[in-house]
Amino acid sequence: MIFLFINEAKAFKISHEIFPASFEQLMTDLSKYRNIGIFAHVDAGKTTTTERILKLTGKIHKTGEVHDGESTTDFMEQEAERGITIQSAAITTFWDDHRMNIIDTPGHVDFTVEVYRSLKVLDGGIGVFCGSGGVEPQSETNWRYADESGVSRIIFVNKLDRLGADFLKVVDQVENVLGAKPLVMTLPIGTEDDFVGVVDLLTEKAYIWDDTGLPENYVVEDIPADMVEDCAMYREQLIETAVEVDDDLMMAYMEGEMPTMDQIKACIRKGTNELTFFPTYCGSAFKNKGIQLILDAVVDYLPSPTDVIPQDLTDEVGEPTGQKAIVSTEEPFRALAFKIMDDRFGALTFVRIYSGVLKKGDTILNSFTGKTERVGRMCEMEADERKELDSAQAGDIIAIVGMKNVQTGHTLCDPKNECTLEAMVFPEPVISIAVTPTDKGGAEKMGIAIGKMVAEDPTFVVQTDEETGQTILKGMGELHLDIKVDILKRTYNVDLEVGEPQVSYRETITKPVEDSYTHKKQSGGSGQFGKIDYRIKPGEQGSGFTFSSTVVGGNVPKEFFPAIEKGFAGMMNNGVLAGFPVLDVEIELYDGGFHAVDSSAVAFELAARGAFRQSIPKAGAQLLEPIMKVDVFTPDDHVGDVIGDLNRRRGMIAGQEAAGTGVRIKADVPLSEMFGYIGHLRTMTSGRGQFSMEFAHYAPCPNSVAEKVIEEEKERQAAKNK
């Protein structure tokens with residue numbers, strides 16, 4: 001392969017001069033499309049990598065730096081200030097006549113939903129890993145999401161100019177921590193401050209950049225003499241691994257016949273698309289070293305929309321129908337709304353078009369609501385800018401302006417060919433705060449703002465406490481809610497009083513109970529009567545509420561079963577200990593009685609409600625608390641302090657391992673003990689410690705903690721009732 005560098009001027013020419021002339025041809029050539037996401041742990045360099053890609057492809061002419069708050073895709077005030085990505089941003093660019101729809105995603109665990117829903121609509125991805133930090137906590141979560149979504153990936157080990165950077169160590173971590181098979185495509189020339197370039201193992205050429213930091217200032221040379229042996233070994237491993245996906249080529253290779261460059265690249269593409277292995281590159285995005293090879297790898301190895309397994313079509317309850325969403329412009333229109341955003345231009349609905357063609361003025365059906373809408377305006381997104389479109393086709397990621405009643409995960413389709421694409425499932429919030437506007441005018445503004453924010457973020461849940469009038473915001477973590485409050489205050493100008501964070505506790509039962517309950521009411525005229533005999537027992541963890549009936553002989557007519565189930569299910573939101581939702585309960589109706597005149601669905605529903613209140617206390621009601629999977633990085637000399645502190649927080653240490661310039665400690669810790677932890681950790685580690693956490697599971701509260709929580713909740717309820 002001859003590596004052809006397209007410099008900035010040439011890339012600009014391709015994007016702005018040649019492209020319009022061949023626009024119609026390119027629009028129908030799906031093999032030229034690449035829908036990719038860039039994802040990684042916080043601070044691994046995703047956004048910086050995106051900026052370099054946009055600069056190289058001629059999309060932007062001045063590189064914006066994250067630390068200056070000027071990056072293209074981090075356009076929110078909060079993103080610029082904090083130097084982190086909060087919401088995914090989409091942008092379209094071109095490289096070597098290929099169209100790339102790129103989504104830059106957040107790294108912080110509180111905004112994982114942005115990664116999840118982006119991966120659901122992408123065909124490929126670039127997993128960015130820090131050369132010194134390696135495979136970090138959020139890297140694992142994102143990798144798992146990508147596996148679940150079947151997204152092909154290439155790996156970019158970034159920041160090899162950093163102290164402690166070690167490319168081969170990160171390669172080992174990918175294999176051992178993620179259980180993935182990295183296919184080493186490049187090797188670094190030099191380490192840390194001496195990192196100057198990379199060797200492309202396929203072409204057996206060295207790419208060496210000068211110190212100007214400009215991506216076009218490099219030379220192509222022979223492999224440095226001290227690397228020839230290592231490069232030969234890794235190239236042999238590369239070819240051996242690649243040809244394993246083609247039996248005929250493998251047999252020929254074993255008999256001494258060397259495959260051609262095109263054959264090797266075809267094997268790498270096949271293995272990448274089948275998730276057999278992951279082409280692995282290295283470089284430094286900040287220093288503009290190695291990005292061209294990443295762009296070539298996206299074109300050469302990541303799939304086009306037609307290369308991926310078509311998504312399943314489902315029925316109304318989410319069961320596969322056996323049909324597939326074939327990616328083709330000849331098929332009926334099908335698209336998935338994966339993100340809602342309200343910006344200065346109005347409400348935007350981001351959609352991935354799986355099949356068909358969409359034109360301005362078309363009428364489309366929302367299969368979830370059963371309502372049709374006319375497409376007034378649609379656009380191609382360029383971060384917070386946009387370019388108006390007249391039409392779009394299968395493979396495109398676009399935004400439609402002014403859609404009504406569309407939410408994340410809804411399917412949009414041709415009204416004559418109704419269908420439902422596989423839905424998205426989002427995690428439940430684990431933390432909440434109460435907010436109250438400081439003036440009456442603020443209440444109306446807050447209501448409008450929150451309505452828009454809830455539509456944008458499926459993990460942001462809002463409830464109103466009807467007795468106190470307080471608004472309860474629920475989210476995935478302290479940072480998540482902190483950002484939401486900041487947006488309310490600054491973007492929507494709502495003055496708020498914010499309460500302390502509250503943990504979302506749950507309740508369950510610990511032992512089986514067999515019981516009977518009769519609801520009987522006589523007040524003149526027709527009365528109410530419903531008798532049920534039932535068994536209540538603990539369910540499997542994560543099973544929620546399950547109801548079954550083994551009634552024989554018609555003692556309880558079948559038409560009342562749904563009412564009984566509804567009665568029990570309705571009580572699951574209010575436990576008997578402190579009113580928290582109840583988890584993992586199985587209820588079996590095995591007998592009962594009815595009255596020919598007085599029995600009704602309402603009577604049996606009320607009987608079930610009374611039965612719940614009567615029997616749950618007998619079944620050993622227990623309080624559950626959310627347990628977080630915590631991953632802490634600390635310098636070596638503070639390991640003992642950090643572990644001791646986690647133990648005091650009722651944490652269970654799950655393990656520890658060396659991580660570049662320190663140690664990573666993994667633990668399971670109750671959420672209630674983790675408020676304000678980042679400040680405490682920084683104090684303990686002289687500002688060098690970092691941590692991330694995500695929800696793991698619910699576990700029983702110790703009695704001492706449970707008693708305190710129940711008492712506080714009862715006091716809070718009593719105060720509300722005054």
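This is a quick tour of strand 9, its two partner strands, and an arginine that contacts the turn before it. Keep in mind that this is a predicted model.

Start with strand 9, residues 205-209. Is it enclosed or open? Of its 5 residues, 4 are buried, so the strand is largely enclosed by the rest of the structure.

Now the partners. On one side of the pairing list is strand 8, residues 197-200. Strands 8 and 9 run antiparallel, with 4 bridges between them. For a register check, look at Val-199: Ala-206 of strand 9 stands opposite.

The other partner is strand 10, residues 218-221. Again the sense is antiparallel, and again there are 4 bridges to strand 9. Here the pair to look at is Ile-208, which faces Val-219 of strand 10 across the pairing.

Next, the turn. Strands 8 and 9 make a hairpin, and 4 residues separate them. Which residue in that turn has a positive phi? Glu-204, at about 55 degrees.

That brings me to Arg-235. This residue sits in helix 8, residues 228-243. Buried or exposed? Arg-235 is buried: its relative accessible area is 15%, and the cut-off for buried is under 20%.

What does the Arg-235 side chain reach? The backbone oxygen of Leu-202, at 3.0 Å. Setting aside neighbours within four places in sequence, Arg-235 contacts Leu-201, Leu-202, Glu-204 and Met-261. Glu-204 is the turn residue with the positive phi, so the helix 8 arginine touches the hairpin turn.

To recap: strand 9 is largely enclosed, it pairs with strand 8 and with strand 10, and Arg-235 contacts Glu-204 in the turn.

Note on methods: Residues are numbered from 1 along each chain as its sequence is written. This is a predicted model: local features need pLDDT of at least 70, side-chain atom pairs count only at pLDDT 80 or more; totals for chains, interfaces and linings use all residues. Side-chain values use heavy atoms; hydrogens and water are left out. Buried means under 20% relative accessible area, exposed over 50%, partly exposed in between (1.4 Å probe, protein chains only). Two strands pair if DSSP finds at least two bridges between them. A polar contact is a pair of N or O atoms within 3.5 Å; within protein, one must be able to donate a hydrogen and the other to accept it, and residues adjacent in sequence count only if both atoms are side-chain atoms. Contact means heavy atoms within 4.5 Å.
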